[in-house]
Amino acid sequence: MPSGSGPSPVAWIAGVGASAGLGAALARRFAAEGFIVALTGRTQAQLDAVAGEIVSAGGRAHAFAGDVASEAEIHGIAQKARALGPLTVAIFNAASAVRAPTLELSVEHFTQAWRTSALGGFIFGHEALRGLLANPFEAGGQHARGTLLFTGATAALRGKPPFAAFAAAKAALRSLSQSLAREFGPQGVHVAHVVIDGGIDGLLQLEAIAESYWQLHVQHRSAWTQELDLRPFKEPF
């Protein structure tokens with residue numbers, strides 16, 4: 001739980017869909033630690049449902065629908081999230097899983113995948129960092145300004161058909177996370193990329209994944225993880 005008598009910290013999570021998805025599981029995990037969670041996704045009804053579940057369980061949640069690839073929309077949502085309290089955690093969980101054989105893959109679909117993962121990740125990170133950097137920080141202290149996490153996939157490490165668009169977009173997001181980690185780590189922001197190496201369909205459990213994100217947030221600054229890969233024990237790699 002957050003300590004101190006100041007305002008509660010905020011966790012802003014983009015890429016929240018149905019209650020059974022990873023975005024919702026992440027929101028529940030941080031809400032359980034006393035965070036106010038700001039939920040962003042495309043569908044207001046789904047966001048409202050997830051927020052309602054969190055509130056019913058005793059947490060605090062706010063739903064802000066928007067397109068992660070729209071600079072204007074994400075800027076507006078960032079302002080709303082920061083108005084809730086100090087932005088301390090930001091998680092980019094959005095993706096567009098375009099799937100097609102390469103010769104059947106249209107420029108429109110390739111661009112859609114890139115806009116969601118690469119451009120969306122940049123826009124979200126840009127706005128989140130402004131909030132995180134507003135938090136106090138002592139270079140010689142133990143505490144960070146906050147945490148910026150990106151959800152990746154196996155495709156970020158190796159591409160294969162029929163996922164050319166998805167792989168290219170996720171690889172770009174991975175490179176973005178590496179660049180941000182090197183630039184903003186010295187300024188007290190923990191930036192990490194999480195490779196989900198397996199299906200979230202009974203192999204990788206949502207609650208176990210969400211717990212790993214929480215552990216990244218509470219890591220000591222002397223031993224930060226920049227990339228973490230998660231896979232079920234019975235899946236070959």
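**Exercise 1.** Classify Q178 as buried, partly exposed or exposed, and place Q178 relative to G59.

*Solution.* The model is predicted. Start with the secondary structure: Q178 lies in helix α5, which covers residues 164-184. The relative accessible area of Q178 is 24%. Buried would require under 20%, and exposed over 50%. Q178 is therefore partly exposed. For the second part, Q178 and G59 are separated by 119 residues in sequence, and their C-alpha atoms by 32 Å in space.

**Exercise 2.** Describe how helices α1 and α2 are oriented to each other, and list the residues through which they meet.

*Solution.* Two packed helices are described by the angle between their axes and the distance between the axes. Helix α1 spans residues 22-32 and helix α2 residues 44-56; their axes come within 10 Å and cross at roughly 25°. Angles under 35 degrees count as roughly parallel. So α1 and α2 are roughly parallel to each other. The crossing of α1 past α2 is right-handed. On the α1 side, A24, A27, R28 and A31 take part, and they meet V50, E53 and I54 of α2. By type, the residues of this contact are five nonpolar, two charged and no polar.

**Exercise 3.** Carry out the same analysis for α3 and α4.

*Solution.* The axes of α3 (residues 71-83) and α4 (residues 107-132) come within 10 Å, with a crossing angle of roughly 30°. With the cut-off for roughly parallel at under 35 degrees, α3 is therefore roughly parallel to α4. The pass of α3 over α4 is a right-handed crossing. From α3, the contact uses E71, I74, H75, A78 and R82; from α4, I123, F124, E127, R130 and G131. These residues divide into four nonpolar, two polar and four charged.

**Exercise 4.** Identify the members of the largest nonpolar core that touch the most other members, and state which element supplies its largest share.

*Solution.* The largest nonpolar core has 33 residues, and F30, V37, L39, I91 and Y213 touch the most other members. Elements that each supply at least two residues include β1 (10-14), β2 (36-40), β4 (87-92) and α6 (206-217). The largest share comes from α1, with seven residues. Now take V37: leaving aside neighbours within four places in sequence, V37 is in contact with A11, A27, F30, A31, I54, R60, A61 and H62. A second, separate core has 30 residues, among them I77, F92, L129 and L180.

Definitions and conventions: Residues numbered from 1 in each chain as written. Predicted model: local features only at pLDDT ≥ 70, side-chain atom pairs only at ≥ 80, totals over all residues. Heavy atoms only, no water. Axes fitted to C-alpha atoms, helices over the stretch in contact; angles between N-to-C directions. Helix = DSSP H or I, 4+ residues; strand = E, 2+ residues; numbered from the N terminus. Parallel < 35°, antiparallel > 145°, perpendicular 65-115°, else oblique. Left-handed = near helix turned anticlockwise from the far one by under 90°. Contact = heavy atoms within 4.5 Å. Nonpolar A, V, L, I, M, F, W, Y, C, P; charged D, E, K, R; others polar. Core = buried A, V, L, I, M, F, W, Y, C linked by side-chain atoms within 4.5 Å. Buried < 20%, exposed > 50% of the residue type's maximum accessible area, 1.4 Å probe, protein only.
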